[in-house]
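Let's take a walk through this one, starting with a backbone detail and working outward from there. Keep the viewer open as you read.

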Amino acid sequence: MNHIPWLTLLIVIPAGAAILLQIVPRRDTATIKVVTITATAASAVIVGLLLAWIPGNKASSGPLPLHFEETHAWLPAINATYHLGIDGVSAWLLALNAGVFLLGALAVSRKGTDRLRFYCTLLLITEAATTGVLLSIDLLLFYMFWEGMLVPLYVLLSNWGGDKRGPATLKFIVYTVAGSLLMLVAIIYLYVQSPNGSFDLESILAQPIASGTPFVIPIIHLSTFTPKELAFICFALAFAIKIPIVPFHTWLPDLYESCPPAVLVFFAGIVSKLGAYGFIRFAITLFPGEMEKYRFVLAGLAILSILYGALMALSERDLKRIVAYASISHLGFISLGIFSLTGNGINGAVIQMVNHGIIISALFLIVGYVEARTGTRDLGELSGLEKRMPWLYFFFLVATLASLGMPGMNSFVGEFAIMLGAFQLHWVYAVLAGGGVVLAAWYMLRLHQGLMHDPPKPRTEGVHDLHFGEGLLLLPLAALMIFIGLYPKPITDITKGSVNTYVSMIQPGASNQSTQ
Amino acid sequence: MNVGTASTLVVLVLLFPLLGSALNGFLGPVLGRRFVNIAGTVSIFAAFVVACFVLVNVIGAPVGHAFITVRLWDWIDLGGGTNLSVGMDFTLDALSALMLMVITGVGFLIHVYSVGYMEHDAGFARFFSYMNFFIFSMLTLVLAADLVILIIGWALVALSSYLLIGFWHDRPTAVAAARKAFITQVIGDVALVIAAFLIVLNTHTLSLPNIFARTAAFPQGGALITGICVLLAIGAFAKSAQFPLHTWLPDAMEGPTPVSALIHAATMVTAGVYLIARFHVLFNLSPVAEGLVACIGMGTAVMAGIIALSQIDIKRVIAYSTMSQIGLMIYAVGIGAYTAGMFHFLTHAVFKALLFMAAGNVIHALHDEQDIRLMGGLSARMKWTHLAFGAGSLALGGFFLFSGWFSKEDLLGFGTLSGPGPAPWILYAVGAGVNILTGLYAFRLYFTVFQGEPQTARGFGVKEAGNAMLIPVVILGVLAVVIAWPLEFPLPNTIHLFSDFLGPVFAGSQSPIFHAPGFGLALLALVIGTVTSLVGIGLAMRLWYEHRPDPQVVLARLPRVLPLLSYNKFYFDEIYDRGLVRPVKAVARTARRVVEPEVMDGWVNGIGELLRGFSIDMRSVQTGLIRDYASIFTVFALVLVVVWVFIAR
């Protein structure tokens, strides 16, 4: 079966389905839904198969141990290649990616929307682009998908967004494009500097790039950054904006606020994780020395994200903004794990990326259901939903506990490993992150109890419980939150080999110290 | 006991309550009250039966083999060493068997009681689901053989406590109390997690048997081991409501009374004692941490005793008494008297659950009245409840030959020699003071509620509770009298069945500050303890039964600050509110109102503004006048020449 280009299929299926949708009549919503769901489900099945095959599959012998590699010439003139491959880290993110788009497709099919065909087309194109981001090993190809995913997202947001969509989308696009353009400059720098002039990550890694001499400011003779450091900073900025890390985060709350829940499921589910993935895949491999040099600063920013996001979540009143800031706080944990540059931290970060995708999707679905029933997102106007909506209460409880890092649930696994990694970096980081955990309990309970408990208010009188279909969307998410909490080993069994490779790039031989 | 039997027992004892919880939660509302009553109690009874098997197996095991660890599945494996590697490990030994017996045994009685107590509550299915889930969590906690699994149980227990405190979720006070309890627990969890980090980075393992086998990594009395023990102790203090993390427990009385009996008296709050006993190997390496634990335990015992004297809510009085008694247990494990601490845990679980349930009967009979000033004279109308409450009070007050007397005098006796210099004697004197306090507040409650005349009209119309609520109370009432007789006598070389059973668990290492007293000294301590308890009870009788002098008169003679401090619980709630909660909220508000728009958005918008301003400025250069262009051209040409000639050359 190895002659089938599985990875290309993963990109082609959603893209092809998007094209196929154009010949379906606009009013035939049933067929549109079937095509969309089939395409996203097919991708999910393939990813599932790939995950099952990885343990038995022999990895490539390049600098990065990759599976299911595909290499073809793409633009021979500038030596850009069509080079795809997955490893333990991207495999799980691919699974998350396939999952959240399937969920997004199901969510929109259940509820329906105006201009459904256009919507589904954009959803499928977004999936093709994010899949491409996760698969690309060639830097130029990666950049193309990275920028490409903004287009369908922009159209989605500007057509289906809420009241404040105009300024919010503008801010998002300008912010991220500014970051990406810096990254493009850095990519070109790497291309020029690499001995054989290549965009391919593996061939750049084969012959490390010298860091060059630092720029010196004339007259005062102050040494500043080396060219390679500048390139690293460009990459880091692009990824930090995408995650986002405080203080590059202000696009996120506004955007999430004006974004419809069905879009948020995959937007919040995968897009923010791509920045973190970029740090692991490109920043650590291409700039190990720079990562090590700046790890304390970066980890400090991650801590800032954790605490600042938590404090903002504690004082906001809008449900979506609370979840958005909670998300920033959680993404701070993921970043902290990566910047700890330890096996524990990075493994934890990968687990936590998957977890965060699951939890945030569930939370936004729940917020969407509440808003649809009560017509408001103001925490002050909502209370006492538990009596009216026992099933929503149950799912929300599970999601709340998962989100606040309840031991026995999925987030605990990730946060425990991340904080252990942070502790290995310096104990202060772990203690501060612990403060973030306490704040998380506070703001999540404020949200949960505010919605669910106390006597009902006018807005919450007479609402009805979840429909069967709505519950069915939440059920697999809740089940995963519990299952991963009890048995996280399947995830880490696949990630740990790749993570060891990354860690050993930074500290050669560090991964071999693991003796009893 | 082989591994196969052990894993079967572990799975079964965990499975029954979990199954009960799921059945009640998902099917209970559909299948109705009878189903829930049966599923809720039978599941715990089944767990109790399994626990009995465990006990038999542990007792019957040959010497040195009464400890077995089973792995149900691998939890995570990042390669070992400093990389995480954790298994779903559970352990069976004398300590966990004891905990199993108490949790399932007392738990079962409380479940039966709940059938009566929740008879008229619409949320009965949810209630039993949560209660069963609590038993499951608590069993996970005491069976865990890996620190991570222990933390999971530790937090699940806090979760069930949260759910049950906030059970009546349309009461804002209950909701707030639940949140407070949960957040306090999370602080404890974080301390445990960080302790786990220190342990795994130094011993390369999180499995409890391996940690205890690799203590060579920790220099005796060093900063590292002291840090670990202090962090573990913070976790224990949060769970066991010890100073300074104690303020959640009285508020937790917002939950239904069976919850207070099960979680906030008998089992969960004693988990801190269990934790320290479980980690005795580490605590024995750090005398500093042990001393700290002992002092905080004794300090909390005094503080809670003083507060209990002035509270007017029947459940809060018992809650503070719980805090005080757990303080004594914490003191015991702090000085290294682990079996004595666990023995007090056993008797306390019985008589405190009894007191809460009897109080529940009173509250029920008076239609949810909890203010003791409005009670009184109930002894004639609630005969059985009165007898049981009296037995519980005598046990709590340490009356001669009641169960509390055995365990309390036992642990105080061990305190006479344990510690450096004069410390043991000071702590012992304080302990004797706690005896007086205990007698005082226990019998203030008893006399105010049951003796004298009814204070309201409702008091004349009360009826004894129904059978479901009475039988468990009576059973516990009998146990509160007799349970300690066959087990242990607080003098060396007398009856010591209990310490023979539990002793081997703690035999491996000895606390450096622990010294058992000889027969003579123990006898002296016993006499002093007995007399002080009697003094407390006698004083209470004079004040609140005979009113010679009347307590109001005594109160008026005391300096005003004492009753104020006691009544206001030493102002801890106010201090935490002003010093912690409000500042964090203020910072959060500032972040939203100022930092986010001005700083975080500010710098991004600033760049935009800068570029816009620059382009506006540039626009003004485009005047269309030849002379402007010519002069700009000349100036820049000159600058170029200067640069070229003087700098770039």
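B:Pro549 sits in the loop between helix 21 (519–545) and helix 22 (551–557) of chain B. The bond leading into this proline is worth a look: B:Arg548 and B:Pro549 are joined by a cis peptide bond, with omega about -5°. Bear in mind that this is a predicted model, and the angle comes from its coordinates.

Chain B has another cis bond to show you, from B:Phe243 to B:Pro244, with omega near 0°. B:Pro244 is in a loop as well, the one between helix 8 (223–240) and helix 9 (248–251) of chain B.

While we're on backbone angles, have a look at phi. B:His204 has a phi near 60°, which is positive even though the residue isn't glycine. You'll find B:His204 in the loop that runs between helix 6 and helix 7 (208–213) of chain B. Is B:His204 buried, exposed or partly exposed? B:His204 has 19 C-beta neighbours inside 10 Å, so it counts as partly exposed; being buried would take 20 or more.

Over in chain A, A:Arg115 also has a positive phi, near 50°, again in a residue other than glycine. Its home is the loop between helix 3 (88–111) and helix 4 (116–135) of chain A. A:Arg115 counts as exposed because it has 12 C-beta neighbours inside 10 Å, and the cut-off for exposed is 12 or fewer.

Stay in chain A for the hairpin. Strand 1 (residues 67–75) and strand 2 of chain A pair in the antiparallel sense, over six bridges. To get the register, find A:His72, which stands opposite A:Tyr82 in strand 2 of chain A. Four residues lie between the two strands, and in this hairpin A:Asn79 takes a positive phi near 65°. Strand 2 (residues 80–86) of chain A is largely enclosed by the rest of the structure, because six of its seven residues are buried.

Now zoom out to chain B as a whole. It has 25 helices and two strands, and its C-alpha atoms fill a box of roughly 115 × 60 × 60 Å along the principal axes. Of its 649 residues, 56% count as buried. Looking at contacts in chain B between residues at least 6 apart in sequence, 81% join residues at least 24 apart.

Some helices of chain B are mostly covered. Helix 4 is one of them: 20 of its 20 residues are buried. Does the length of helix 4 (residues 124–143) of chain B agree or disagree with 1.5 Å a residue? Its 20 residues should span 28 Å at that rise, and the end C-alpha atoms are 29 Å apart, so the two agree. Helix 11 (residues 271–278) of chain B is mostly covered too, with eight of its eight residues buried. Among them are B:Tyr274 and B:Arg278.

Finally, see how the chains meet. Here 45 residues of chain B are in contact with 46 residues of chain A. On the chain B side, strand 1 (68–77), helix 5 (147–165), helix 6 (172–203) and helix 24 (572–621) each supply at least two residues. Helix 6 of chain B gives the largest share, 14 residues. By residue type, the side of chain B that touches chain A divides into 28 nonpolar, eight polar and nine charged.

Conventions. Residues numbered from 1 in each chain as written. Chains lettered and ligands numbered in written order. Predicted model: local features only at pLDDT ≥ 70, side-chain atom pairs only at ≥ 80, totals over all residues. Contact = placed C-beta atoms within 7 Å. Nonpolar A, V, L, I, M, F, W, Y, C, P; charged D, E, K, R; others polar. Expected span 1.5 Å × (residues − 1). Pairing = 2+ DSSP bridges.
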